[in-house]
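The following note is offered to a colleague who is new to this entry. Please read the numbered points alongside the sequence and the coordinates.

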Amino acid sequence: MTLEEAKKVEVESNCPPEPPVAADEKAIIPLEPPVPEEKPTDDTKALVIVEKPTEVCDEKPKEGSINRDDVLAKVASEKKEALITAWEESEKSKAENKAQQKLSSIIAWENSKKADLEAELKKMEEDLEKKKAKYIEKMKNKIVLLHKKAEEKRALTEAKRGEDLIKAEEVAAKCRATGEPPKKLLGWF
C-alpha cells in the first residue's frame with residue numbers, strides 16, 4: 001500500500017429486506033468539499049468512507065443449517081483472505097522499511113569513509129606543502145651559500161691579481177733600477 005492511496009473504511013450492512021436496486025445505478029461516493037488553500041493538508045492520510053450498495057437478500061433460507069454453514073464458510077474464507085492480505089501488506093512494508101534503513105546506513109557509511117579519505121588527502125597535501133616549503137628553503141640556502149663562496153673566490157682572485165700586479169711593478173722597478181733583465185722572462189721559461 002503506498003502513501004498516496006487513501007485509506008478506505010467500508011461500512012457493511014446486514015441484509016435487511018429492501019426493494020431491489022436497479023442494475024444500472026452506480027454507488028455515489030460523496031466527497032468532502034475541497035479545503036481552502038490557507039493551510040497545507042496532508043492528503044496521504046485522508047479517510048474516505050465508501051459505502052457498499054445495499055445488498056438485497058433474495059435468497060430465501062432453504063434449510064437453516066446448510067445455508068448457515070455456507071455463510072459461515074464464506075465468512076471464514078473472507079477472514080482468511082483479509083488476514084493474508086494484511087500479512088502481505090505488513091511484510092511488504094517491513095521489507096521496504098528494512099531496505100530503506102539499509103540504504104540509509106550505506107549512505108552514512110559512504111559519507112563517513114569519504115570524509116575520512118578527504119581528511120587524509122588534505123593532511124597529505126599539507127605535508128607535501130610543508131616538505132615543498134622546506135625543500136625550497138633548503139635550495140635557497142644552498143644558493144645563498146653558493147653565492148657567498150663565489151664572492152669569496154672573486155675576492156681572493158681580485159686580491160691575488162692585485163698582489164701579482166704589485167709584485168710585477170716591484171720586479172719591473174727593481175730591474176729598471178739595477179738594469180738587469182728579469183730572471184723569468186714573461187713566465188715562459
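1. Salt bridges. Five salt bridges are found when the whole structure, a predicted model, is searched. One of these joins Glu 91 to Lys 94, with 3.6 Å between the closest N and O atoms. Both Glu 91 and Lys 94 belong to helix H1, where three residues, about one turn of the helix, set them apart.

2. Surface charge. On the surface there is a patch of negative charge, in which Glu 125, Glu 126, Asp 127 and Glu 129 gather. Of this group, Glu 129 is found in helix H1, which spans residues 64-178.

3. Confidence overall. The average pLDDT of the chain is 78, and 63% of the residues reach at least 70. Among the elements of the chain, helix H1 has the highest mean pLDDT, at 94. The lowest mean, 41, belongs to strand E1, residues 7-11.

4. Stretches of low confidence. Residues 1-17 have a pLDDT below 50, and the model gives this stretch 23 contacts beyond near neighbours in sequence. Residues 20-25 also stay under 50 in pLDDT. For residues 20-25 the model has three contacts beyond four places in sequence.

5. A point for the reader to check. Which element of the chain has the highest mean pLDDT? That element is H1, and the salt bridge partners Glu 91 and Lys 94 both lie in this helix.

Methods. Residues numbered from 1 in each chain as written. Predicted model: local features only at pLDDT ≥ 70, side-chain atom pairs only at ≥ 80, totals over all residues. Heavy atoms only, no water. Patch = residues over 30% accessible without salt bridge, like charges linked within 9 Å, V, L, I, M, F, W, Y side chains within 5 Å. Areas by Shrake-Rupley, 256 points an atom, 1.4 Å probe, with all protein chains shown as cover. Salt bridge = Lys/Arg side-chain N within 4 Å of Asp/Glu carboxyl O. Lys, Arg positive; Asp, Glu negative; His and termini not counted. Charge placed at Lys NZ, Arg CZ, Asp CG, Glu CD. Helix = DSSP H or I, 4+ residues; strand = E, 2+ residues; numbered from the N terminus. pLDDT = per-residue confidence, 0-100. Contact = heavy atoms within 4.5 Å.
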